[in-house]
Amino acid sequence: MATFENISIEKGMYGSRGGLTGALERLDPSENYIGTSLEGLDAFSRQLKRFDIRVSGRGSDCVEKFFQTSDSAALFPEYVSRAVRQGMERADILPNLVATVTDIEGMDYRSIVSDASADDKTLKVVAEGAAIPQTTVRTRANLVKLHKRGRMLVASYEALRFQRLDLFTVTLGQIGAYIARAQLRDAIDVLLNGDGNNNAAANVSTATAGTLAYGDLLSLWAQLSPYELNTILAPTQEMQQILSMSQMQDARAGLDFQGTGRMVTPLGAALLHAPEMTAGTVIGLDRNCALEMVQAGGVTTDYDKLIDRQLERAAITCTAGFAKIFTDAAKTLS
């Protein structure tokens, strides 16, 4: 088995299963380093250590450090992808909305559905010899719509070669934040309007048009049953109205918000701010069964260009889409 000091790295590894990191892990498994000083590092991080490339901190290296050898140059696209993913994770609230993430290798994906009636949701007593009620699971009529979101990296190698990787990571992280916000808009659109399978969210009307009161949240909670109202997604104006409710003046809720920044409604649901939403609508959902995220390949980069120092017009993209799981697990309030 190869060790991390003598692995030959080449651009073809990016096209293998799991990308560069997957290829490196197969050649140099992390489990071999349990109990050593390198425990906790994955195969890619060990390669950074091999070439003494520091990507963060005050002592971070310059971009040109990646291009000292052909092997180290092949690490550069993976560094770019990881920095973008870190930015996505920092700005991403999708994990608080998505029940499951499905990774696919192609571009066509058809989700499944179980349209149970109110009668089907009641597990009745089955008499001896009687047929057991059935739950039918079938594929959706329409494919999940996948959207490629990304940014073009436009810079010359000469302009970046002496820039510190720590600063470059911040720039790449902002690209990730842009992608995360675009994907959030896609998820909100599916929650509101459905995924093309006639499953738009039902609306719960407020008692007074244009005004959001605590009683309206109670109505949303009641009508979402038997699903659990554990997540509320609101635009800025509605967030201000909710936070101004007298029920939010509760000492425990206030201390939690002031001490941790986490906002919890009196109903126990997580309150998420989504400036991407259009004012006038609040989404209430059961995050355990409302939304499926489908992604094809994660963050991808033009690794050929980046390895060959052709940073001009190098694309950084992420392809993903969303599908409703149980239609009634999300409702709108307006």
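Me: Partly exposed means a relative accessible area between the buried limit of 20% and the exposed limit of 50%. In this predicted model, why is Glu5 called partly exposed?

Reply: Glu5 comes out at 47% relative accessibility. Buried would need a value under 20% and exposed one over 50%, so Glu5 counts as partly exposed.

Me: Okay, and where does Glu5 sit?

Reply: You'll find Glu5 in the segment before α1. Go 23 residues along the sequence from Glu5 and you reach Asp28, with the two C-alpha atoms 9.8 Å apart in space.

Me: What makes α4 oblique to α6?

Reply: Their packing angle is about 55°, and the axes are 6 Å apart. Under 35 degrees would be roughly parallel, and 65 to 115 would be roughly perpendicular. An angle of about 55° fits neither range, so α4 is oblique to α6. As for handedness, the α4 and α6 crossing is right-handed.

Me: α4 also helps line the largest pocket, right? Which elements each supply at least two residues of that lining?

Reply: They are α1, α4, β9 and β10. β9 gives the most, with six residues. The pocket has a volume of about 640 Å³, and of its 23 lining residues, Gly18, Gly19, Gly297, Val299 and Thr300 are the closest to the centre.

Me: How does that lining divide into nonpolar, polar and charged residues?

Reply: There are twelve polar, six nonpolar and five charged residues. Gly counts as polar here, so Gly18, Gly19 and Gly297, among the residues closest to the centre, go in the polar group.

Key:
Residues are numbered from 1 along each chain as its sequence is written. This is a predicted model: local features need pLDDT of at least 70, side-chain atom pairs count only at pLDDT 80 or more; totals for chains, interfaces and linings use all residues. Side-chain values use heavy atoms; hydrogens and water are left out. On a 1 Å grid over the protein atoms alone, a cavity is a set of points where a 1.4 Å probe fits but cannot get out, and a pocket is an open set with protein on both sides within 12 Å along at least five of seven lines; lining residues have an atom within 4 Å of a point. Grid points are joined across faces, edges and corners, and a volume is the space filled by probe spheres set on the points. Helices (H or I, at least four residues) and strands (E, at least two) are DSSP runs, numbered from the N terminus. Buried means under 20% relative accessible area, exposed over 50%, partly exposed in between (1.4 Å probe, protein chains only). Axes are lines fitted to C-alpha atoms, for helices over the stretch in contact, and angles run from 0 to 180 degrees between N-to-C directions. Angles under 35 degrees count as roughly parallel, over 145 as roughly antiparallel, 65 to 115 as roughly perpendicular and the rest as oblique. A crossing is left-handed if the near helix is turned anticlockwise from the far one by less than a right angle, and right-handed if clockwise.
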